[in-house]
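The following account leads through a structure from a single bridge in one chain to the contact between two chains. Please keep the sequence and the model in view while reading.

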Amino acid sequence: MTNGKRVLLIEDEPNIIEAVRFILSRDGWHVATHSQGSDAVDAVRAKAPDLVILDVMLPDRSGYDILADLRADDATRALPVMVLTARGQQKDREAALSLGATRFMVKPFANADLLNAVRDMAAGLQTGD
Amino acid sequence: MRGIGGEGARIRALRLQKGLAQAGLARDAGISPSYLNLIEHGRRPIGGKLLGELARALDSDPAVLSQGAEAAQIETLRRAAAASGTGSGPAPELDRIEALGAGFPGWSALIQRQADRIATLERAVASLGERLSHDPLLSASVHDVLSAVTAIRSTSAILVEDPALGAEWQARFHRNLFEDSRRLADSARALARQLEAGADADRGATTPLDEMEAWLQARAFHVAELENAAASDDTVIGLAADLPSGPGRTLLTAHLQQYAADARSLPLDALARQVARHGADPFALAAAMGVEPAPVMRRLAAAPADVAGAEIGLVRCDGAGALTLRRGLRGFGLPRFGSGCALWPLYEALWSRRPLMRRLQQADAARPVRAFAVSETRFPGGPNAPGIVTATMLLVPHGSSADAAAPALPVGQTCRICARTSCPARTEPSILPDAPL
């Protein structure tokens, strides 16, 4: 079950935010959003989500830098983070995974794929994967 | 066309291409100029030992002189087969390649044109990838397009897949679709403008380095305007203005500034006198002229053929191994993208910091080449800042018979298109058919 799980979506495109929020909310997720890169790490600490969906090309800070900071902090080192980006080359995937991304998904995506990925990450939370 | 006239015409064409005088070639081949003249005009037959001597003096192959275009065509077919990769279906019958060339000249020409076209398209794809990586404006435009497409795809899927969606949500998502479709139209137009603006620069030459090399190649790497000691920065800037892109002009400006400085310290007439005594050996020339080998290598590569005395290739790399200048030499292929073969002395010079001379032979080359390599270190940020290292490698044809006694080091162009087995330096699999992993 995913009811009651909290996801933080860090994304700066309003209509992508609205669509993802709708897709996940319909599945029982509590969706918080944040649109700035500069204070995204603070937002993660403050909102304490169960998992994060992180855009890479944010207006004021790269998602990769945010991910690196999250992995450097004991409190968020194991937090599941899905990197969601329009930059889908192999080198981008490798960069994200090497920084500790739990999942890597390329835009545009199928809604069902996004949902399944989030569910899988939640299942990993429950099983300790 | 075979026969007496064919070889002679090919010898003459090759001699003129190399800028050699009839007297000089005749002397090198051990015959009189008048006899060479008769050969070139098809009035004397040629074969056997004399054909070999003329081929050696022209740094060519007897088969090329005797068979000409047919041999070249077969070589082209062989390269097309090698570059085709390991796809499904039967492999090309390389043992029957000569029958293909002779029996089906039209099909052979078609294969050749298609191989050329594939190579052109691959360069364009690589160029676009490079532009996306290094052009922030283009990258931002692509990101805008993909963001709009992402929003449209997700939103439209919600509308289609959820028939029970409430009217309020439907209205919101329809409005979002309208906004995103307008945004997509705008960003697609912007992207098209950027691609069209770059199209002219991409035609033929595809990267700033390609642009610069194409400009230099058109002049055989010799820039007569800068041979005058009075050449100014304005001359350099005026020459570099030929290139279509800003990055290309920046590269060419730096190259021409170094060219002008080298020309002032090593004038062409002084170089020519020493080459006449020492040949195209940059180490011997540097010792004789009391200068470092690297500028001598650059001057040899920039000198007209009658001064250098031989066909010259030049490769330069930075401290990270990226090739920053490529002048090819027949019989020694250089990669169009990425780094070269790790066995080249160019790379050894980066760490050994001593002058190196090696005889090298690539797998598909008829003969080895001589390679001279050195590195230079500059400290533009002062003694406490990191040094900037570059290495330069001069390539000259196989050289004298004395050289031929020493074994040549087997090398390649770059791993991806190298078929050498058991190479200790291989870093990635080859795409050539039946090549090692």
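In this predicted model, a convenient starting point is B:Gly313, whose bridge partner in strand β5 of chain B is B:Leu395. That pair belongs to the ladder between β1(B), residues 313–318, and β5(B), residues 388–396. The two strands run antiparallel and are joined by six bridges.

Strand β5(B) also pairs with β4(B), which spans residues 369–378. Here nine bridges make the connection, and the orientation is again antiparallel. Within this second ladder, B:Phe372 has B:Leu394 of β5(B) as its bridge partner. Strand β5(B) is thus joined both to β1(B) and to β4(B). As background to reading such strands, side chains in a regular strand alternate between the two faces of the sheet.

Attention now turns to chain A. Its five helices and five strands follow one another along the sequence as β-α-β-α-β-α-β-α-β-α. Chain A comprises 129 residues, of which 38% count as buried. When contacts in chain A between residues at least 6 apart in sequence are considered, 59% of them join residues at least 24 apart.

How many residues does each chain bring to the contact between chains A and B? Chain A supplies 14 residues, and chain B supplies 14 residues. On the side of chain A, helix α1(A), residues 14–26, provides the largest share, with seven residues. By class, the side of chain A that touches chain B consists of nine nonpolar, two polar and three charged residues.

Note on methods:
Residues are numbered from 1 along each chain as its sequence is written. Chains are lettered from A and ligands numbered from 1 in the order in which they are written. This is a predicted model: local features need pLDDT of at least 70, side-chain atom pairs count only at pLDDT 80 or more; totals for chains, interfaces and linings use all residues. Helices (H or I, at least four residues) and strands (E, at least two) are DSSP runs, numbered from the N terminus. A residue is buried if 20 or more other C-beta atoms lie within 10 Å of its own, exposed if 12 or fewer, and partly exposed in between; C-beta atoms are placed from the backbone. Two residues are in contact if their C-beta atoms, placed from the backbone, lie within 7 Å. Two strands pair if DSSP finds at least two bridges between them. Ala, Val, Leu, Ile, Met, Phe, Trp, Tyr, Cys and Pro count as nonpolar, Asp, Glu, Lys and Arg as charged, and the others, Gly among them, as polar.
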